[in-house]
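Open the model in a viewer and keep the sequence panel visible. The stops below say what to select and what is found there.

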Amino acid sequence: MQKIKNPSIINFEKKGDDRGSLIPIEGLNNIPFEIKRIYYIFDTISDIKRGTHAHINLEQILISVSGSCYVDTYDGKERKTFILDKPFIGLYIKDLVWHEMYNFTSDNVLLVLASNIYNEKDYIRNYEEFLSLAKANN
Ligand code: TYD
């Protein structure tokens, strides 16, 4: 798979037929990493923010398999806002990108595919610390 911009949207190919739609996701095939962990966020209160951190070494893909939410990203240089409102688009986020999810609809199920198991040591939760790491990286 070719290199993907961090962060950016991946459009998954729909395998639809007259019965409905299906999206297959295969590690190292239509996404750039092997999946080691899956988690999903649901029943989220609409006016709260989730995320508000970056990672040191982790690749993730966020997919609204139901409903929608917004994601703001900042890599230390560029700020972007993504609206995840379709089950066939995924937001790819790699290292050193601060991300915040918000505007969750009550039916939102945000599926996340991750390249590694949960490791609290991989989290950058302090924004000032993130800014200095991102600056050093850019
Ligand atoms: P948190 O990182 O606050 O979620 P978000 O980034 O979506 O705001 O995680 C909430 C809780 O769940 C926290 O206690 C850590 C735990 N957790 C796991 O045990 N495994 C995981 O894979 C994730 C993402 C979180």
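Which residue does Asp72 stand opposite in strand 8? Select both residues: the partner of Asp72 is Glu100. Bear in mind throughout that this is a predicted model.

**Strands 5, 6 and 8**

Extend the selection to the whole of strand 5 and strand 8, which pair in the antiparallel sense over 5 bridges. Strand 8 covers residues 98–102.

Now add strand 6, residues 79–84, beside strand 5, residues 69–74. This pairing is also antiparallel, and 6 bridges make it up. To check the register, pick Tyr70 and look across to strand 6, where its bridge partner is Ile83. Then follow the chain through the hairpin of strand 5 and strand 6, where 4 residues lie between the strands. Stop at Gly76, which takes a positive phi near 100° in this hairpin.

**Salt bridges**

Return to Glu100 and show side chains. Glu100 forms a salt bridge with Lys49, and the closest N and O atoms are 2.9 Å apart. Lys49 belongs to the loop between strand 2 and strand 3, while Glu100 is in strand 8, so the pair ties together parts that are 51 residues apart in sequence. Is Glu100 buried or exposed? Its relative accessible area is 17%, and Glu100 is buried because the cut-off for that class is under 20%.

A search of the whole structure finds 5 salt bridges; two others are worth selecting here. Pick Asp85 and Lys86, whose side chains meet in a salt bridge at 3.1 Å, N to O. Asp85 is partly exposed, with a relative accessible area of 36%, and Lys86 is partly exposed as well, at 33%.

Next go to Glu13 and Lys15. Their side chains form a salt bridge with an N to O distance of 3.8 Å. Glu13 counts as exposed at 58% relative accessibility, whereas Lys15 counts as partly exposed at 44%.

**The ligand**

Select the ligand and show what surrounds it. Which residues make up the shell? They are Arg37, Tyr39, Ile41, Arg50, Gly51, His53, Tyr118, Tyr123 and Arg125. By class, the shell has 4 nonpolar, 2 polar and 3 charged residues.

Turn on distances for the polar atoms. From an N or O atom in the side chain of Arg50, an oxygen atom of the ligand is 3.0 Å away. At Gly51 the contact is with the backbone: a polar backbone atom there is 3.0 Å from an oxygen atom of the ligand. Move to Arg125, where a polar side-chain atom lies 3.2 Å from a ligand oxygen.

For the ligand surface, the area exposed when the ligand is taken alone is 530 Å², and the protein buries 59% of that. Colour strand 2 (37–42) and strand 3 (50–55) to finish this view: these are the elements that give two or more residues to the shell around the ligand.

**Phe33**

The last stop is Phe33, in the loop between strand 1 (8–11) and strand 2. Phe33 is buried, with a relative accessible area of 3%. Draw a line from its C-alpha atom to that of Thr105: the two atoms are separated by 29 Å, and the residues are 72 apart along the chain.

Terms used:
Residues are numbered from 1 along each chain as its sequence is written. This is a predicted model: local features need pLDDT of at least 70, side-chain atom pairs count only at pLDDT 80 or more; totals for chains, interfaces and linings use all residues. Side-chain values use heavy atoms; hydrogens and water are left out. A residue is near a molecule or strand if one of its heavy atoms lies within 4 Å of it. A polar contact is a pair of N or O atoms within 3.5 Å; within protein, one must be able to donate a hydrogen and the other to accept it, and residues adjacent in sequence count only if both atoms are side-chain atoms. Accessible areas come from the Shrake-Rupley method with a 1.4 Å probe; for residues, only the protein chains shown count as cover. Ala, Val, Leu, Ile, Met, Phe, Trp, Tyr, Cys and Pro count as nonpolar, Asp, Glu, Lys and Arg as charged, and the others, Gly among them, as polar. A salt bridge is a side-chain nitrogen of Lys or Arg within 4 Å of a carboxyl oxygen of Asp or Glu. Buried means under 20% relative accessible area, exposed over 50%, partly exposed in between (1.4 Å probe, protein chains only). Two strands pair if DSSP finds at least two bridges between them.
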